[in-house]
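Me: I am new to this structure and would like to be guided through it by questions and answers. Please show it to me before we begin.

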Amino acid sequence: GAGPSPDFHASFRLFLSAEDSANPEQRVPEGLLQLCVKVISEPSQSLRANMARALTTFGAESLEACSKPSEFKTLFFALSFLHAILIGRKRFGFQGWSQPYSFSDGDLLVSASVLNNYLESSLSIPWDDIRYILGDIMYGGHITDDWDRRTCVTYVETIMGEGLFTGGALAPGFPAPMVGPHAHY
């Protein structure tokens, strides 16, 4: 049975923290889990929480490293908003996406790097290239359903545009931010 053992101190407690792993060798043994009290903490899936998580993936020095920091900060904020929306749709199950897609912080980091590279190598912002790369490759590359891809591309086309720099809104009632220090976002 799973009762107290005379070999252990009565007030002994073990706190174990772990993340789920696809590799069976890295998982906590099932027998141990059955004997434990489990507390599961999953990150909030709200748009605000997803935005905050996305924005904290880059530090202030990363945002200032681009030779065009004001453009990069604005584009990164819009990219973070896009990422938060795409991640947030998961919580609605099959009403959000027709199947679960594995969008991750890695997509955000690589997309931000691509934005930085395009800004560094172009005199003006290459909107068509950025929208294609984000909508069809970086995020769209995960998507297998045509309607889901169409939804993703529509988000990208709506969010990533000249309106970011001309007082436009990312969403109704949510204007693109004025350029400021990292903490401002």
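The exchange below goes from the overall fold to single residues.

Me: What kind of model is this, and which cut-offs apply to it?
Reply: Residues are numbered from 1 along each chain as its sequence is written, and side-chain values use heavy atoms, with hydrogens and water left out. Local features need pLDDT of at least 70, side-chain atom pairs count only at pLDDT 80 or more, and totals for chains, interfaces and linings use all residues, for this is a predicted model.

Me: Which pattern do the helices and strands follow along the sequence?
Reply: Helices (H or I, at least four residues) and strands (E, at least two) are DSSP runs, numbered from the N terminus. The protein has seven helices and two strands. Read along the sequence, their pattern is α-α-α-α-α-α-α-β-β.

Me: What percentage of the residues in the protein is buried?
Reply: Buried means under 20% relative accessible area, exposed over 50%, and partly exposed in between (1.4 Å probe, protein chains only). Of the 185 residues in the protein, the buried share is 34%.

Me: Which residues of helix 7 are buried?
Reply: Helix 7 covers residues 146-159, and its end C-alpha atoms are 20 Å apart, in agreement with the 20 Å that its 14 residues should span at 1.5 Å a residue. That expected span is 1.5 Å times one less than the number of residues. The buried residues of helix 7 are Asp-148, Cys-152, Val-153, Val-156 and Ile-159.

Me: Why are these buried residues placed on the same side of helix 7?
Reply: The arc is taken from the directions from the helix axis to the C-beta atoms. On the other side of helix 7, Asp-146, Trp-147, Arg-150 and Thr-158 are exposed. The buried residues lie on the same side because they cover an arc of only 140°.

Me: Which elements are included in what covers the buried residues of helix 7?
Reply: A contact means heavy atoms within 4.5 Å. The cover includes helix 4 (69-88), helix 6 (127-138) and strand 1 (169-171).

Me: Which residue caps the N-terminal end of helix 7?
Reply: A side-chain oxygen of the capping residue lies 3.0 Å from the backbone nitrogen of Trp-147. The residue that caps this end is Asp-145.

Me: How many disulfides does a search of the whole structure find?
Reply: A disulfide is a pair of cysteine sulfur atoms within 2.5 Å. Cys-36 is partly exposed at a relative accessible area of 33%, whereas Cys-152 is buried at 0%. The number of disulfides found is zero.

Me: Which side chains meet in a salt bridge?
Reply: A salt bridge is a side-chain nitrogen of Lys or Arg within 4 Å of a carboxyl oxygen of Asp or Glu, and the count comes to one. The two partners are three residues apart in helix 6, about one helical turn. One partner, Asp-128, is exposed at 59% relative accessibility, while Arg-131 is partly exposed at 22%. The side chains that meet, 3.0 Å from N to O, are those of Arg-131 and Asp-128.

Me: Which residues does Ser-80 contact beyond its neighbours within four places in sequence?
Reply: Ser-80 has its place in helix 4. Its relative accessible area is 0%, so Ser-80 is buried. Leaving those neighbours aside, Ser-80 is in contact with Met-51, Ala-54, Leu-55 and Leu-108.

Me: Which residues does Glu-120 touch, not counting residues up to four places away in sequence?
Reply: Glu-120 is found in helix 5 (residues 105-121) and is partly exposed, with a relative accessible area of 39%. With those residues not counted, Glu-120 touches Ala-65, Cys-66 and Ser-67.

Note on methods:
A polar contact is a pair of N or O atoms within 3.5 Å; within protein, one must be able to donate a hydrogen and the other to accept it, and residues adjacent in sequence count only if both atoms are side-chain atoms.
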